[in-house]
Amino acid sequence: MTQSTVQSIEALTQTALDELDSIDDADSLEQWRVRFLGRRGELTGILRGLSQLDLEERRQVGALGNQAKSGLEEALDRRSQEISQARLAQVADLERIDVTLPGRPVATGRLHPTTQVVREITDAFVAMGFSIVEGPEVEWDHYNFEMLNIPQGHPARDMWNTLWVDYVNEEGQRPMLLRTHTSPMQARVMEQVQPPVRVVVPGKCYRYEATDATHEWHFYQVEGLAVDEGITFADLKGTLYEFARRLFGSERKVRFRCDYFPFVEPGVDMSIDCFACDGSDNSCRICRGSGWIEIMGAGMVHPQVLAGVGYDTEKYTGFAFGLGPERIAMLKYGIDDIRHFYSNDLRFLRQF
Ligand code: PHE
C-alpha cells in the first residue's frame, strides 16, 4: 500500500511537471492548478487516502505528499511568472515605434479648377502690366446697365437675363440686381482713377437662366479694361493675342469677328484656332468641326461710356474685354458640363 502510494505520488508529480512545461497561457495554467492542486485535485485525492494507513506510514507518505505539493506550487509560481513576462514582452513589441515605417499620407486640399484658371488668366494680364481689382456682386442697375450705355427700356437688356433684388425705391423701381457681368466695374474703376487705366476684374456673375451643360445661373467672368491716350484696336489685338498664346500655347492663331455689345464700338468676339484638332477634324468635340473656338467678347470702349465717367473723349480711348473662366477651363481640360464646377463632387474636384 505505502509503496504504491509513493509511486503514484511520484508519477503524478512527474506528469504534472511535464504538462506544466508545455503550458503558455494563464487559462490553461489555472486548469492545471485545479486539476493537480485543487481541493478535488489528483494530489489532494491521494493525500486524502492516507487516513487508511497506520501512523508511521502516514507520517512518511504524508511528508512526501506535502513535499510534492509544495514542489508543484513552486513550479506553478515560476511558470506563472514566466507566462506574464512573456506577455509583457509581447505587448512591448507591439507598442514599439518602428521609425523606418513610411509615414501616413496627409490629405491636402487643392484649389478649385475655376480658381486655378482665374489665376492663370489674371497672371497673364498682370505680366502685361494690368492690376487686379474686384467689385460688388450685388450691383445697381446704374452700373450694370446705365453707365454701360444700356438705358432703361433698351432692347439690349435682353442680352442679360437679370436676377433683380427685391427692393423697391421711392420711384417704385427695382434698381438693384445681381450683376449679370463684370463690366459694371469698368465704370466704377474709371470713376475712381484717371488714365492710364489697366485693370482686370475677376468675379462672380449671375443670370436668370435655366441650367444646362453650357449654362449656369452663376458663373465667373474676368473683365479687362485699358484706357489711355492713343490706344487703338491694334493694342486690343496685340494684348489678347499674347493672352491666348500664354494660355493655349505659342502656336495659336486668333480670329476677330464683329459682334455687338452696347458699351463697345466696334465690338468683336475673339476665337482661337482649335488646339485639339488644329481645324483638321470635322467631328472634333472641342470646336465642333469649325476649327475655331470663341473665347471672349471685346471691343473699343464706347465714347458714351468714357463720357459718362467724365473722361475727355477727344483725348482718351480704350479697349475692354470679358471672358468666362469656366468655359476656358472646359476647353483646357475637356470638361463637357459646366454644372460640374458647382456640384462639389470630390471625384471631379480631385482631378485638378
Ligand atoms: N460683358 C459682356 C458679356 O457679359 C462681355 C464683354 C465685356 C464684351 C467687355 C465686350 C467688352 O457678355
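This passage walks through the overall build of the protein, the surroundings of its ligand and a few points of backbone geometry.

The model described here is predicted. In the protein, 11 helices are found together with 9 strands. With a radius of gyration of 45 Å, well over the 20 Å that the globule rule gives for 352 residues, the protein is more spread out than a compact globule. The extent of the C-alpha trace can also be given along its principal axes, where the trace spans about 140 × 60 × 40 Å.

A good place to look next is the ligand. The largest pocket is the space that the ligand takes. Three elements each give two or more residues to the shell around the ligand, namely strand 5 (218-229), strand 8 (292-301) and strand 9 (316-323). Of these, strand 9 provides the largest share of the shell, with 3 residues. In chemical character, the shell residues divide into 7 nonpolar, 6 polar and 2 charged. The residues around the ligand number 15, and those that come nearest are His181, Ser183, Arg207, Gln221 and Gly322.

Several side chains bring polar atoms to the ligand, and these are easy to find in the structure above. An N or O atom in the side chain of His181 is 3.0 Å from a nitrogen atom of the ligand. For Gln221, a polar side-chain atom lies 2.9 Å from an oxygen atom of the ligand. Trp160 also takes part, with a polar side-chain atom 3.5 Å from an oxygen atom of the ligand. As for the ligand's surface, its accessible area on its own is 330 Å², and the protein covers 92% of this.

The backbone, too, has some details for a newcomer to visit. The peptide bond that runs from Pro195 to Pro196 is cis, and its omega is near 5°. Pro196 itself is found in the loop that connects helix 7 (184-192) with strand 4 (197-206). Another cis peptide bond joins Glu265 and Pro266, with omega at about 0°. Here the proline lies within a strand, as Pro266 belongs to strand 7, which covers residues 264-273. Further along the chain, the loop between strand 7 and strand 8 holds Asp278. The phi angle of Asp278 is near 55°, which is a positive value in a residue other than glycine. Strand 8, at the far end of that loop, is also among the elements that give residues to the shell around the ligand.

How values were computed
Residues are numbered from 1 along each chain as its sequence is written. This is a predicted model: local features need pLDDT of at least 70, side-chain atom pairs count only at pLDDT 80 or more; totals for chains, interfaces and linings use all residues. Side-chain values use heavy atoms; hydrogens and water are left out. A residue is near a molecule or strand if one of its heavy atoms lies within 4 Å of it. A polar contact is a pair of N or O atoms within 3.5 Å; within protein, one must be able to donate a hydrogen and the other to accept it, and residues adjacent in sequence count only if both atoms are side-chain atoms. Accessible areas come from the Shrake-Rupley method with a 1.4 Å probe; for residues, only the protein chains shown count as cover. On a 1 Å grid over the protein atoms alone, a cavity is a set of points where a 1.4 Å probe fits but cannot get out, and a pocket is an open set with protein on both sides within 12 Å along at least five of seven lines; lining residues have an atom within 4 Å of a point. A molecule sits in a cavity or pocket if more than half of its atoms lie within 2 Å of its grid points. Helices (H or I, at least four residues) and strands (E, at least two) are DSSP runs, numbered from the N terminus. Ala, Val, Leu, Ile, Met, Phe, Trp, Tyr, Cys and Pro count as nonpolar, Asp, Glu, Lys and Arg as charged, and the others, Gly among them, as polar. The radius of gyration is taken over C-alpha atoms; the globule rule is 2.2 Å times the number of residues to the power 0.38.
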